[in-house]
Amino acid sequence: RFGEKEDNWDVSFGVNLKILSLRRGDPTKLYDPAMVPQTMNRFTADLGTHLRYLNYCLGISAQNVIPANIGVVVKDVLPMETRVGLGAKDLWVIPNVEFKVSPALEVANRNQDTVATGGVEIQLLDFANFIFGVGTRNVSFGFSVFLNQELDQNRKAPGREQARDGAIYRLDVGYMFPIGGVDAVGSPLVGMSFLF
């Protein structure tokens, strides 16, 4: 990362190396070459960059940039997925009540299939954020709870920011519901993050 939080800008670059492990096959159908039990391990990687100017951010990423063949009989290469996102942190703020709204837009492309998604994060409480999103395929909602946030002693003073710096345990709970004729009950998400 180049630049600091206190600066007007910063630029970050990241690389993620992945080992994909896939076990497939059916031991009762050994006569079929496609059903012979086997475990395949393949390598691939993701690349990404994040640019910030003031409260505005731009993110670009590419997943599976190293072709990984997961086919058995015929070649089947994982498709590369590209994403571009634009967001604004604390675009709308109501002072003295710690109400902040941060919107974001993202466009993703995989196998010539393009999906657009928009979302908003609302900070309404000292310890929690609420998230709502809608896309061409689904709607979603959820919340994040900061379990041990360190608050500024003078956070109630006018113009003071709430301090979420330092070590924080973050609990994320979300639910995604498909739209557009897909018959499903949706997908729940629960995650725990340790921010430092």
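These turns take up salt bridges and burial in a predicted model.

Biologist: What makes Arg-83 and Glu-81 a salt bridge?

Modeller: Their side chains meet at 2.6 Å, N to O. The cut-off is within 4 Å, so the pair counts.

Biologist: Why is Glu-81 called buried?

Modeller: Glu-81 has 11% relative accessibility. Buried means under 20%, so Glu-81 counts as buried.

Biologist: And why is Arg-83 called partly exposed?

Modeller: Its relative accessible area is 26%. Partly exposed runs between 20% and 50%, so Arg-83 fits.

Biologist: Which parts does the pair of Arg-83 and Glu-106 tie together?

Modeller: The closest N and O atoms of Arg-83 and Glu-106 are 2.8 Å apart, in a salt bridge. Arg-83 lies in strand 4 and Glu-106 in strand 6, so the pair ties together parts 23 residues apart in sequence. Glu-81, Arg-83, Glu-106 and Arg-110 are linked in a network of salt bridges.

Biologist: Why does Asp-90 have no salt bridge?

Modeller: The nearest side chain of opposite charge, Lys-100, is 4.2 Å away. A salt bridge needs within 4 Å, so Asp-90 and Lys-100 do not qualify. Asp-90 is buried all the same.

Biologist: How do you know that Asp-172 is buried but Arg-170 partly exposed?

Modeller: Asp-172 is at 19% relative accessibility. Arg-170 is at 22%. The cut-off for buried is under 20%, so Asp-172 counts as buried and Arg-170 as partly exposed. The two form a salt bridge, with the closest N and O atoms 2.9 Å apart.

Technical notes: Residues are numbered from 1 along each chain as its sequence is written. This is a predicted model: local features need pLDDT of at least 70, side-chain atom pairs count only at pLDDT 80 or more; totals for chains, interfaces and linings use all residues. Side-chain values use heavy atoms; hydrogens and water are left out. Buried means under 20% relative accessible area, exposed over 50%, partly exposed in between (1.4 Å probe, protein chains only). Lys and Arg count as positive and Asp and Glu as negative; His and the chain ends are not counted. Helices (H or I, at least four residues) and strands (E, at least two) are DSSP runs, numbered from the N terminus.
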